[in-house]
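Please open the model in a viewer and keep the selection tool at hand. The tour below proceeds from one selection to the next.

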Amino acid sequence: MRPGNTGSLEGYTVLARKDEALRKIQEAQRLDPVNAEYPEEAAGLLESLNRHADALASYDRALQLGSKNTAWIHIYKGTILHRGLKSLEKAWPELQQGIEGLLVEAERLPVGNPRRGDIASKLAQPLETYASVAIPLYKITELHRFGERLRSLDEYAGRDTNVTAATVLEAHRALGRRDFDTAIRLFSEIDSIAKRSANRRYEYEDCHAELFLRISKEARALAIRPVTPGYTMRILSLRTMDLKIKWKQGENQASTSPMPLNAGDIELANLAEDSLRQLVLAMSRGNLDLSFERIELPRTTLVRPGKRNSTGNGDNFISELTGPFGETLRSKLKQSDALLLFWYGNSPLTQHAGSQIVPYNDRSMQRGFINMGRMFFHYDNPYGGFNPSGVRLFPYVYMHELFHVIEARLGIKPNHGFRPDQRTNFPAWKGSDEIDYYAWQLGENIPKILEGRKRGWDALSFADDPGTLRKIGVLKLPVNFESDFGKMTFKQDKDLVTGTYEGEYPGMLEGKLVGRTLHFNWSQKDGTKGKGVFYFFPGESGQAMSFNGTWGTGDSDSDGGSWGGIGGN
């Protein structure tokens, strides 16, 4: 029998042959068609026989007949819709309604009534199922609230890793919104859960609740006596709504599967950035602030040379965007200190950071960069299993990557100074936790580093330092390229470039190379002509030079489509 069910039909459910049990229940239902227990029992057998649609219909019939197990029936329906029919959207409201009903029933009972604990115990598994549905649907707040209510009934309930992870995210949401009292309460609750779960403590360690609790208290104190930051780092935060990368190796071309971000992804990215800002302010004792300019990019396709494992990490994304939109983003980056690229990363190198050189007109600019994949908090496949460590790691991954930008700008070495094998390089740090390491660096070590320099906290600026913007010399192009329109041959006289291309529609081009950008006119033997632009990217060691660009007709240099290629070293 399922939880909450009693009756004279218990013997039927243990019959060796389920179909025989089902036949007898259906016969009883025919003789007593208004008894809600019969369709409910039939539904359980139908579900076990994988007759999911029939089971749902039978549960609906039980509800119509006024079943006393309304809440549980909604939970059963949600479980079938999720696990049997793979429908997250339909499963969620059923599970939501069922769990809500049972929580309300328990909350109405007086404290000390053993029935409260009994309901809480039986809700543990349904809540785990609910979590597996709620998380990919971004119902984080709802999951957190259910977890809190369940723990109020029984302090040892509602401690599933995914449920606790939702509370972690809500704590960071509160911190980002400067609701410090709520952040402190939630981090305290998570810390208490971790300390009461010694045998499962490893599951909660990555929450860093005790340290985030301390930092939240420092942030609240700082808000009471606000100070003027010594510098505000300007971060250009790009969210790629649909990034498709093509790797080109000789005549072979392979593509990623584009995965568009959605509103839930963007909400989580905003949550992470808002929390990061408050963490940095508190850790630096008000000396360093962050500002974010957030831009959602349209669908974009890039062509990359080389191998996937060396080029599929999105680092050159903004360099390779062509046309007016690419120019606009590079212009915005010129006024920023760092680029944060948030996208559907599918490479082991997706999450990393530091500084990089980005070509801009006839110059190159050094800027900080943070490459962040949405995989930090996401299902690879909603029915392929969830990796809860991605949720637990999420709150500090942004801090981890931002600090690599700070390390690059100030020359702090080695990276990952919190690791046991690096501790001897920072003897003044007495802590043992990664988050504590960042707090020590921003609160104690970096101020001492800056004391010996002419600049204060604005030494972290890339955009305001002329040294980070350098003039590019004349780029030496290879003679031969393989391109989307066949073989190409270039001739170069300093910044003047002429070339020919073969293929189905052979032609020639001529233009002027400024930095890494070639604006050109093209023409073909049949009389058609137009304009185009190429952006050249010198390869790293062992990699060939490549270019991305566009071509157009008439006065347009982009209405014809994309044009990319790969040349010699």
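Is W429 buried or exposed? In this predicted model, W429 has a relative accessibility of 2% and therefore counts as buried, since the cut-off for that class is under 20%.

Next, add Y437 to the selection. Y437 is likewise buried, at a relative accessible area of 1%. The count of aromatic pairs comes to 27. One of them joins W429 and Y437: the ring centres are 5.2 Å apart and the planes stand at 70°, so the pair is edge-to-face.

Now move to F481 and F490. Their ring centres lie 5.3 Å apart with the planes at 85°, so this pair is also edge-to-face. F481 and F490 are both buried. They belong to one aromatic cluster, which may be displayed by selecting F481, F485, F490, Y501, F520, W522, F534, F536, F547, W551 and W563.

F536 leads on to the largest cavity, as F536 is among its lining residues. The structure holds six cavities of 30 Å³ or more, and the largest contains about 80 Å³ of space. To see the surroundings of the largest cavity, select α15 (323–334), β7 (352–360) and β15 (529–537), each of which supplies at least two lining residues. β15 gives the most, with three. By class, the lining has five nonpolar, three polar and three charged residues.

Two charged side chains complete the tour. Select K139 and W92: K139 lies over the face of W92, 4.5 Å from the ring centre. Then select R409 and F462, where the charged end of R409 sits over the ring of F462 at 4.8 Å from its centre.

Technical notes. Residues numbered from 1 in each chain as written. Heavy atoms only, no water. 1 Å grid on protein atoms, 1.4 Å probe; cavity = no way out; pocket = protein on both sides within 12 Å on 5 of 7 lines; lining within 4 Å. Points joined across faces, edges and corners; volume = space filled by probe spheres on them. Helix = DSSP H or I, 4+ residues; strand = E, 2+ residues; numbered from the N terminus. Nonpolar A, V, L, I, M, F, W, Y, C, P; charged D, E, K, R; others polar. Phe/Tyr/Trp six-rings, centres within 6.5 Å; stacked < 30°, edge-to-face > 60°. Buried < 20%, exposed > 50% of the residue type's maximum accessible area, 1.4 Å probe, protein only. Lys NZ or Arg CZ within 6 Å of the ring centre and 35° of its normal.
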